[in-house]
Amino acid sequence: MTTYIYGITHTGHPSLPEGMGGIGDPERPVRVLRHGNLAALVSDSPEDLRPKRRDLLAHQSVLDEAGAGGPVLPMRFGSLAQDDQAVLDVLDELADHYEERLRALEGKAEYNVKAAHDEQAVLHQVLAENPELRAMAEANRAAGGGTYEQKLQLGERLTAAVQAREAGDGMEVRRALEPSAEAVSEGPEGSGWLANYSFLVRRDAADGFVAAVEELRKTQPHLDVRVNGPLPPYSFVDLGPARPAADAAQAR
């Protein structure tokens, strides 16, 4: 039976969710595999495992339950091993590495921050800062909108100006929030986002991080800033030279 892995933690973790429902329909009971100072939260895996909403939520629920009581190295959704013994073998092989990572993540959570331009706000800002573009826009307006060529030229110039701001605005998001975090990881580029960062934040400093986000929103009103957290620290888990699972599917 293929083994599904939710995460890795200490054997002495105070709230391991053994027996709670995990992925699958019907739910597969979560069990705990212990080896030395480490424990893996696992269950049997359905043969037709897919990133369905029900299973994504079940995966997250197990990690939330465990994470409430102490550090957990969260696995991505779809992490599989051939069987329980394969998981135990890797816990043995990488024991020192996993224990170091658990110590490093003690008392910390991940906050993912994405930012995009508020289209109308950034256009107003670009026009306010560029007299030439502002003059072109005012001339078109006075001419009843301008000719097709004039509209096209203005649109192309405005688009280029907005795009030129994206890199700088993305760095501003990082600059404003990084001092309130222990570490930062840059996420993959996504359509519509000019910044995608994950911040590792001490749980006892979370209020300060949230306040920094609010200050960013006030000082940069042309940015649409979205925050998701606290989350298990997916972006800060280094699984080492080997993995107890192959990522059959991933979802965030």
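In which helix is the place of Ala58? The views below are taken from a predicted model, and the first of them starts with this residue.

**View 1. Ala58 in helix H1 and its contacts with Gly22 and Ile23.** Ala58 has its place in helix H1, the helix that spans residues 53–67. With a relative accessible area of 13%, Ala58 is buried, because this value falls under the 20% limit used for that class. When residues up to four places away in sequence are not counted, Ala58 touches Gly22 and Ile23. For orientation across the model, the C-alpha atoms of Ala58 and Leu123 are separated by 42 Å, although these residues are 65 residues apart along the chain.

**View 2. Asp25, Arg54 and Asp55 joined in a network of salt bridges.** The three residues shown, Asp25, Arg54 and Asp55, are linked in a network of salt bridges, and the count of salt bridges in the model comes to 11. In the bridge between Arg54 and Asp25, the closest N and O atoms are 3.9 Å apart. That pair links distant parts of the chain, since Arg54 belongs to helix H1 whereas Asp25 belongs to the loop between strand S1 (3–10) and strand S2 (31–35), 29 residues apart. Arg54 also forms a salt bridge with Asp55, and here the closest N and O atoms are 4.0 Å apart. The three members fall into separate accessibility classes: Asp55 counts as buried at 4% relative accessibility, Arg54 counts as partly exposed at 41%, and Asp25 is exposed with a relative accessible area of 59%.

**View 3. Cis peptide bonds at Pro26 and Pro230.** Asp25, which takes part in the network of the preceding view, is joined to Pro26 by a cis peptide bond with an omega of about 10°. Pro26 is found in the loop between S1 and S2. A further cis peptide bond runs from Gly229 to Pro230, with omega near 5°, and Pro230 lies in strand S9, which covers residues 223–231.

**View 4. The salt bridge between Arg101 and Glu100.** Arg101 forms a salt bridge with Glu100, and the closest N and O atoms of the pair are 3.5 Å apart. Arg101 counts as buried at 17% relative accessibility, whereas Glu100 counts as partly exposed at 33%.

**View 5. Asn196 in strand S8 and its surroundings.** Asn196 has its place in strand S8, which is made up of residues 195–202. Its relative accessibility is 13%, and Asn196 therefore counts as buried. The side chain of Asn196 makes a polar contact with the side chain of Asn112 at 3.0 Å. Leaving aside neighbours within four places in sequence, the residues in contact with Asn196 are Asn112, Val113 and Lys114, together with Ser185, Glu186, Gly187 and Pro188.

**View 6. The crossing of helices H6 and H7.** Helix H6 (residues 148–177) and helix H7 (residues 206–219) have axes that come within 9 Å and cross at roughly 140°. The crossing of H6 and H7 is right-handed. On the H6 side, the residues that meet H7 are Glu172, Val173, Ala176 and Leu177, and their counterparts in H7 are Phe209, Ala212, Val213 and Leu216. The residues of this contact divide into 7 nonpolar, no polar and 1 charged.

**View 7. His222 in the loop between H7 and strand S9.** The loop that runs between H7 and strand S9 (223–231) holds His222. At 2% relative accessibility, His222 counts as buried. The side chain of His222 makes a polar contact with the side chain of Asp169 at 3.1 Å. When residues up to four places away in sequence are not counted, His222 touches Ala116, His117, Asp118, Ala121, Val122 and Gln125, as well as Arg165 and Asp169.

Key. Residues are numbered from 1 along each chain as its sequence is written. This is a predicted model: local features need pLDDT of at least 70, side-chain atom pairs count only at pLDDT 80 or more; totals for chains, interfaces and linings use all residues. Side-chain values use heavy atoms; hydrogens and water are left out. Axes are lines fitted to C-alpha atoms, for helices over the stretch in contact, and angles run from 0 to 180 degrees between N-to-C directions. Helices (H or I, at least four residues) and strands (E, at least two) are DSSP runs, numbered from the N terminus. A crossing is left-handed if the near helix is turned anticlockwise from the far one by less than a right angle, and right-handed if clockwise. Contact means heavy atoms within 4.5 Å. Ala, Val, Leu, Ile, Met, Phe, Trp, Tyr, Cys and Pro count as nonpolar, Asp, Glu, Lys and Arg as charged, and the others, Gly among them, as polar. Buried means under 20% relative accessible area, exposed over 50%, partly exposed in between (1.4 Å probe, protein chains only). A polar contact is a pair of N or O atoms within 3.5 Å; within protein, one must be able to donate a hydrogen and the other to accept it, and residues adjacent in sequence count only if both atoms are side-chain atoms. A salt bridge is a side-chain nitrogen of Lys or Arg within 4 Å of a carboxyl oxygen of Asp or Glu.
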